[in-house]
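Work through the following exercises with the sequence and the structure side by side. Each task is followed by a solution that proceeds step by step.

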Amino acid sequence: MNGRIFSVVGGMFLLTVCSKGDRSSVQAAPPAAQPAAPAGDVSAAGGTITGKIKFTGTAPRNPAIDMSEEAACKAKYPTTPTEENVVAGPANVLANVFVYVKSGVPVGQTFPAPATPVVLDQNGCRYHPHVLGIMVGQPLEIQNSDPVLHNIKAIAKANRPFNVSQPGAGMKTTRTFSAPEVMVNLECNVHGWMHAYAGVRPDPFYAVTGPDGSFSIKGLPPGTYTIEAWHEKFGTQTATVTIAGTESKTANFTFAAH
Amino acid sequence: MIHALVLLTIVMAQDTAAGRQVYTKWCAGCHGADGKGDGEGARHMIPPPRDFTGNAVYQIRSTASGDLPTDADLLRSIDEGLSGTAMPAWKTRLSDRQRRDVLAYIKAFSTAFSDTTLRPKPLAFSGAPGGGTSAEALRVGRQFYDSIGCRKCHGDQGRGDGPSAPTLKDDGQHPIFAANLHENWRFHGGGTVEDIYRRLRTGLDGTPMPSFSDLIDNKFLTDEQLWRVAQYVRSLSPKEAPVVRDVVHAPLTKTLAHAPDDSAWTSVDVYWFPLVGQVIHKERWFAPAVTGVWVKAVHTADSIALRVVWDDRSESPDTSWLTFVGRVFKTLDGDDSTREQPAAWPDQLIVQFPVSIPSGMERPYFLMGSASAPVYQWRWSSAARTAPVAGLARGIDRFDPLAGGSGPAAQAVYDHGQWRVVLTRALASTDTASQLPFRTGRAIPVAFFASDGSNGEHGTRMAISTWYFLALDEPVPARVFISPVLAMMLTLGLGMLVVWRAQQKTSYRRQQ
């Protein structure tokens with residue numbers, strides 16, 4: 001009985017997710033993903049988890065990047081650019097944290113991948129965004145806005161790794177991931193400082209914290225969930241959140257910077 | 001149907017059982033009993049042996065980046081081995097059946113091969129366009145070599161010395177060199193122009209080398225232009241892999257060319273000697289960076305000049321390689337219990353001779369002599385760059401510099417991943433007991449040692465050669481040139497005499 005409720009609520013959620021996207025997304029999805037449940041006339045529903053990520057202690061200084069080999073990238077910065085290992089805001093809020101529902105989504109419930117691609121831009125010899133979330137089967141559009149050679153290497157365990165090159169501005173490559181994986185590491189070997197991280201999920205219940213350290217995961221059906229927050233330097237933390245109905249719950253995380 | 005399935009299962013089971021035997025005997029030593037690439041030998045290898053487990057990432061494929069290799073791809077690596085690595089060719093050592101069995105066994109280490117959605121499909125490769133060695137083809141190839149950024153890792157002249165080279169690592173965080181494109185006989189996937197084109201299309205998965213196939217789809221270049229890149233890269237290596245000739249002939253010249261780039265050197269024969277890691281004495285070294293030396297020699301009536309050229313990605317000492325050295329040390333198990341801290345060591349070249357020219361076949365121990373039979377060495381370092389230190393080595397760990405002014409002089413050039421050093425010395429020696437006097441007409445044993453400081457090499461960590469020979473060609477004596485002329489003149493004279501006599505007789509008879 002519970003399962004049925006979940007699938008109905010999930011189906012309603014899917015409708016909202018897919019409403020913007022192209023219907024061909026269903027075809028683009030891997031075989032494991034089922035088409036959305038039959039359309040209903042119920043609008044968006046479900047619970048929401050919001051929160052803020054902070055850290056205690058002093059954040060390590062991000063290393064300066066020596067871009068002297070790439071004048072075209074260097075010219076895009078008024079001052080010496082740095083790596084983005086720890087991006088913090090006022091009052092120790094932490095950006096670039098991938099927060100996702102690690103468990104609790106009913107097994108067997110599937111979500112079609114949106115056709116709208118997630119864009120990963122290489123600009124100024126850095127990745128934008130630095131951390132991203134993407135669904136299994138959803139296109140990842142990798143583009144180069146720099147007039148220099150970048151290679152994009154994905155180091156993955158559950159997914160097939162790849163390594164492709166983009167030697168000029170305007171080049172685009174589209175890739176998809178076939179299995180959930182937190183995280184797939186993306187790196188450029190021409191510019192050893194370039195790293196990006198992709199959280200690949202089978203469902204849409206994930207978010208990346210912005211400059212204010214906050215996140216919001218919407219549309220969760222009722223249930224008890226394990227939420228994990230992942231940060232590239234500070235590791236992971238989990239919390240358990242129970243959602244009943246359309247309420248909004250809070251899950252704050254505090255990492256320790258050593 | 002069921003029968004067929006059962007039969008198939010049995011056949012496959014037999015394959016892997018037989019494959020396991022072959023694997024355990026021949027492969028596990030490096031690749032590990034569980035296929036994780038962690039066998040006993042792995043601790044001494046850069047690049048490390050393939051890890052067959054996990055999601056089965058393979059460098060040498062005919063498939064798109066990220067795809068699995070085909071059976072034919074894997075069999076090719078087994079059959080031919082991977083040049084420039086520790087992986088030998090098994091075609092002549094194992095039977096067809098054994099190689100097929102072990103292939104099946106290797107694939108069983110990863111579930112990826114049994115995933116039907118991942119079935120590999122070879123890319124459709126075009127054939128090489130003609131005129132691949134023409135100046136125009138190479139010009140186009142060079143143009144795209146620059147525009148697609150090959151030089152970032154492989155360097156402006158292709159010696160693996162690009163600006164990104166010191167930062168390169170593979171998926172396992174092991175250090176990795178960008179290939180020296182002048183040594184196609186060491187390319188892992190083969191050195192033909194077709195092999196190079198295929199690597200450009202497929203990339204080398206697990207390494208920093210990406211696939212360039214997307215460039216064609218993006219109309220960044222055409223397939224033919226990518227072929228031109230391959231043809232240009234191929235043109236950087238000699239037509240044939242170099243062959244060792246044991247004796248360096250030093251012709252007699254009027255003057256010595258002291259500068260490494262003096263045009264006088266272009267007409268002198270070059271000799272190549274391979275170097276290998278020093279694995280005899282502790283601290284042993286299994287990952288030498290210098291793979292060989294190119295040697296030329298000339299001499300005048302009173303002096304000798306040796307020109308030694310070798311490829312080295314870094315002009316050491318160079319602190320930008322410290323992270324790389326750290327990765328090298330982490331990958332290789334040292335003989336010492338404590339791991340050494342990376343430092344910016346210089347590059348070094350040692351040229352070794354016996355103390356005196358041996359009269360028979362007996363020579364000192366090739367690896368730096370011994371206490372009872374020392375060797376005479378010239379030790380050149382990139383830290384000083386000037387005259388090498390002459391001295392006597394009495395074993396690998398003892399070197400006694402020689403005082404006195406009769407040591408060699410040197411001039412060195414570092415240029416785009418290559419050292420060119422000319423060492424000169426007087427033939428005669430004021431200290432004939434320890435400093436070899438060079439003489440014509442006798443083969444003089446010579447050996448070469450080189451270390452790349454930016455690969456963590458110093459002390460006993462170096463690349464070594466065995467004994468070869470240096471022969472100072474003798475001046476050709478004047479009689480060699482005069483005798484034939486004299487003989488010709490004599491013959492001509494005698495012939496004319498005979499003719500003259502015959503004519504005399506004829507005219508005498510006519511008068512009669």
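**Exercise 1.** In this predicted model, find how far apart the C-alpha centres of domain 1 of chain B and domain 3 of chain B lie, and describe the contact between these domains.

*Solution.* Begin with the bounds, since the domain assignment of chain B places domain 1 at 2-118 and domain 3 at 247-472, with domain 2 (135-235) and domain 4 (480-512) completing the list. The C-alpha centres of domain 1 of chain B and domain 3 of chain B are 41 Å apart. Turning to the contact, domain 1 of chain B contributes 5 residues and domain 3 of chain B contributes 6 residues. On the side of domain 1 of chain B that touches domain 3 of chain B, the residues sort by class into 3 nonpolar, 1 polar and 1 charged.

**Exercise 2.** Determine which residues of helix H2 of chain B are buried, and why they line one face of the helix.

*Solution.* Helix H2 of chain B spans residues 71-80, and its buried residues are Asp73(B), Leu74(B), Ser77(B) and Ile78(B). Looking down the axis of H2(B), one finds these buried residues within an arc of 135°, and therefore they line one face of the helix. Next, ask what covers them: helix H3 (96-107) of chain B is included in the cover over the buried residues of H2(B). Finally, follow the chain past the helix, where H2(B) gives way to Gly81(B), a residue with a positive phi near 75°.

**Exercise 3.** Give the strand order of the open sheet of 5 strands in chain A, and identify its edge strands.

*Solution.* The order in chain A is E7-E13-E12-E9-E10, and the pairing is mixed. At the edges are strand E7 (131-135) and strand E10 (162-166) of chain A, each of which pairs on one side only. From one strand to the next, the twist averages 25°. To examine one pair, take strand E9 (residues 150-155) of chain A, which pairs with E10(A) in the antiparallel sense over 5 bridges. Within E10(A), Val164(A) is the bridge partner of Ile152(A).

**Exercise 4.** Work out how many residues chain A and chain B bring to their contact, and which strand supplies the largest share of the side of chain A.

*Solution.* Chain A brings 19 residues to the contact, while chain B brings 25 residues. On the side of chain A that touches chain B, E9 and E10 of chain A each supply at least two residues, and the largest share, 4 residues, comes from E10(A). By class, this side of chain A divides into 8 nonpolar, 7 polar and 4 charged residues.

How values were computed. Residues numbered from 1 in each chain as written. Chains lettered and ligands numbered in written order. Predicted model: local features only at pLDDT ≥ 70, side-chain atom pairs only at ≥ 80, totals over all residues. Pairing = 2+ DSSP bridges. Axes fitted to C-alpha atoms, helices over the stretch in contact; angles between N-to-C directions. Domains from an automatic or database assignment. Contact = placed C-beta atoms within 7 Å. Nonpolar A, V, L, I, M, F, W, Y, C, P; charged D, E, K, R; others polar. Buried ≥ 20, exposed ≤ 12 C-beta atoms within 10 Å, placed from the backbone. Arc of directions from axis to C-beta.
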